[in-house]
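Here are a few short exercises to work through with the model open. Try each one yourself before reading the solution.

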Amino acid sequence: MKKTVYKPLGFLFLSLGLLGIPLPVLPSTPFILLAAWFFARSSEKWHTWLLNSELFGPMIHNWEENRCISCRTKLVALLAMLVAGGSSILFAMEDTKMRVVTLLLLLIGSATVLSLNTCEKPKDAGAPY
């Protein structure tokens, strides 16, 4: 049952996470973390692929080991939403209702990212977070 339900959900959330990279109102981070959770329970192959990904692997490791995301991940997610979403609101939309809906979606996405725990810097490591 898990493979027939969890694996397709993993692909759904992976797709939403990938769509969230270029789309300003869709945060990638929560969807990628959900995809990793579903793949961990249904497909070792896809879970390993995500863990080995240069783009998503470190974030997923942080989440699975410490239930946190790095400050850098939060910053990139928020800046991407701000720049792309703000540009859309200011330059691409004329309808006030659409601007308000987009702003609300940006606020929800930002609140979601901000609600995730931030990883603390390791005391003896110089790696940027």
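**Exercise 1.** Work out how much area the protein exposes and what share of it carbon and sulfur atoms supply.

*Solution.* Keep in mind that you're looking at a predicted model. Start with the total: the protein exposes about 8300 Å². Then split by atom type: carbon and sulfur atoms supply 66% of that area. Now turn to what is covered: of the 129 residues, 36% count as buried.

**Exercise 2.** Describe the fold, from its elements to its contacts.

*Solution.* Count the elements first: there are six helices and zero strands. Reading from the N terminus on, that gives α-α-α-α-α-α. Next, put a box around the C-alpha atoms along the principal axes, and you get roughly 45 × 45 × 20 Å. Finally, take the contacts with a separation of 6 or more: residues 24 or more positions apart account for 62% of them.

**Exercise 3.** Find the nonpolar surface patch that includes Val83, and decide whether Val83 is buried or exposed.

*Solution.* Locate Val83 first: it sits in helix H5, which covers residues 71–92. Its patch partners on the surface are Leu75, Leu79 and Leu82. Together, the four have about 400 Å² of accessible area. Now for the call on Val83: its relative accessibility is 54%, and the cut-off for exposed is over 50%. So Val83 counts as exposed.

**Exercise 4.** Say how far apart the mean positions of the positive and negative charges are.

*Solution.* Tally the charges: 12 positive and 8 negative. Then take the mean position of each set; the two lie 5 Å apart.

Methods. Residues numbered from 1 in each chain as written. Predicted model: local features only at pLDDT ≥ 70, side-chain atom pairs only at ≥ 80, totals over all residues. Heavy atoms only, no water. Patch = residues over 30% accessible without salt bridge, like charges linked within 9 Å, V, L, I, M, F, W, Y side chains within 5 Å. Areas by Shrake-Rupley, 256 points an atom, 1.4 Å probe, with all protein chains shown as cover. Salt bridge = Lys/Arg side-chain N within 4 Å of Asp/Glu carboxyl O. Helix = DSSP H or I, 4+ residues; strand = E, 2+ residues; numbered from the N terminus. Buried < 20%, exposed > 50% of the residue type's maximum accessible area, 1.4 Å probe, protein only. Contact = heavy atoms within 4.5 Å. Lys, Arg positive; Asp, Glu negative; His and termini not counted. Charge placed at Lys NZ, Arg CZ, Asp CG, Glu CD.
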